[in-house]
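Hello,

Here is the structure I promised to pass on to you. Please have a look at it first, and then read on for my notes on what turned up.

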Amino acid sequence: MTTFLLALGLVFLLEGLVLALAPSRLEEALRLLATLPPETVRLIGLLAMTGGAIFVWLAGWLGG
């Protein structure tokens, strides 16, 4: 549960950082995503999830 809360906190931290430091760039990125076909957006999401899972596994492997 501690790892989950840590991961969730890091997500909120990074999302908040993006919103605080570069809100206009985020708007541009969202506009770009809106122009992409759903299959491409889905692939980007799957790749992000895979990368996140690898990072979580790596953190557990290095820390434990």
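**Salt bridges in α2**

Let me begin in helix α2, where glutamate 27 and arginine 31 are four residues apart, so about one helical turn separates them. Their side chains meet in a salt bridge, with a distance of 3.7 Å from N to O. Glutamate 27 is partly exposed, at a relative accessible area of 46%, while arginine 31 has 51% and counts as exposed, because the exposed class starts over 50%.

How many salt bridges are there by this rule? The count comes to two. The other one to look up joins glutamate 28 to arginine 25, and the closest N and O atoms there are 3.4 Å apart. These two residues also sit in helix α2, three residues apart, which again makes about one helical turn. Glutamate 28 is partly exposed, with a relative accessible area of 40%, and arginine 25 is exposed, with 56%. As background, side chains of opposite charge can pair when their charged atoms come close.

**How far to trust the model**

Please keep in mind that this is a predicted model. The mean pLDDT of the protein chain is 91, and 98% of its residues reach 70 or more. Where in the chain is confidence lowest, and where is it highest? It is lowest in α1, at a mean of 90, and highest in helix α2, which covers residues 23–35, at 94. The salt bridge between glutamate 27 and arginine 31 therefore belongs to helix α2, the element with the highest confidence. In general, where pLDDT is low, the predicted coordinates should not be read in detail.

**The two tryptophans of α3**

Next, please turn to helix α3, which runs over residues 38–63. This helix has 26 residues and reaches 37 Å from its first C-alpha to its last, close to the 38 Å expected at 1.5 Å a residue. Is α3 buried or in the open? The number of buried residues among its 26 is zero, so α3 lies largely in the open.

The structure holds one aromatic pair. Its members are tryptophan 57 and tryptophan 61, whose ring centres are 6.0 Å apart and whose planes meet at 10°, so the pair is stacked. The angle decides this, because planes under 30 degrees apart count as stacked. Both tryptophans lie in α3, four residues apart, about one turn of the helix. Tryptophan 57 has a relative accessibility of 56% and counts as exposed; tryptophan 61, at 58%, counts as exposed too.

Leucine 58 is found in α3 as well. With 31% relative accessibility, leucine 58 counts as partly exposed. If you would like a distance to check on screen, the C-alpha atoms of leucine 58 and leucine 46 are separated by 18 Å, with their positions 12 residues apart along the chain.

**A nonpolar patch at the start of the chain**

Finally, please look at the surface around α1. Which residues make the nonpolar surface patch there? They are Met1, Phe4, Leu5, Leu8 and Phe12, and the patch has an area of about 600 Å². Phenylalanine 12 lies in helix α1, which spans residues 2–21. Phenylalanine 12 is exposed, at a relative accessible area of 58%. One further distance involves this residue: phenylalanine 12 and methionine 49 are 37 residues apart in sequence, and 16 Å apart in space from C-alpha to C-alpha.

For a quick tour on screen, you could go from the salt bridge of glutamate 28 with arginine 25 to the stacked rings of tryptophan 57 and tryptophan 61, and end at the patch that includes Phe12.

Happy viewing, and best wishes!

Key:
Residues numbered from 1 in each chain as written. Predicted model: local features only at pLDDT ≥ 70, side-chain atom pairs only at ≥ 80, totals over all residues. Heavy atoms only, no water. Patch = residues over 30% accessible without salt bridge, like charges linked within 9 Å, V, L, I, M, F, W, Y side chains within 5 Å. Areas by Shrake-Rupley, 256 points an atom, 1.4 Å probe, with all protein chains shown as cover. Salt bridge = Lys/Arg side-chain N within 4 Å of Asp/Glu carboxyl O. Buried < 20%, exposed > 50% of the residue type's maximum accessible area, 1.4 Å probe, protein only. pLDDT = per-residue confidence, 0-100. Phe/Tyr/Trp six-rings, centres within 6.5 Å; stacked < 30°, edge-to-face > 60°. Expected span 1.5 Å × (residues − 1).
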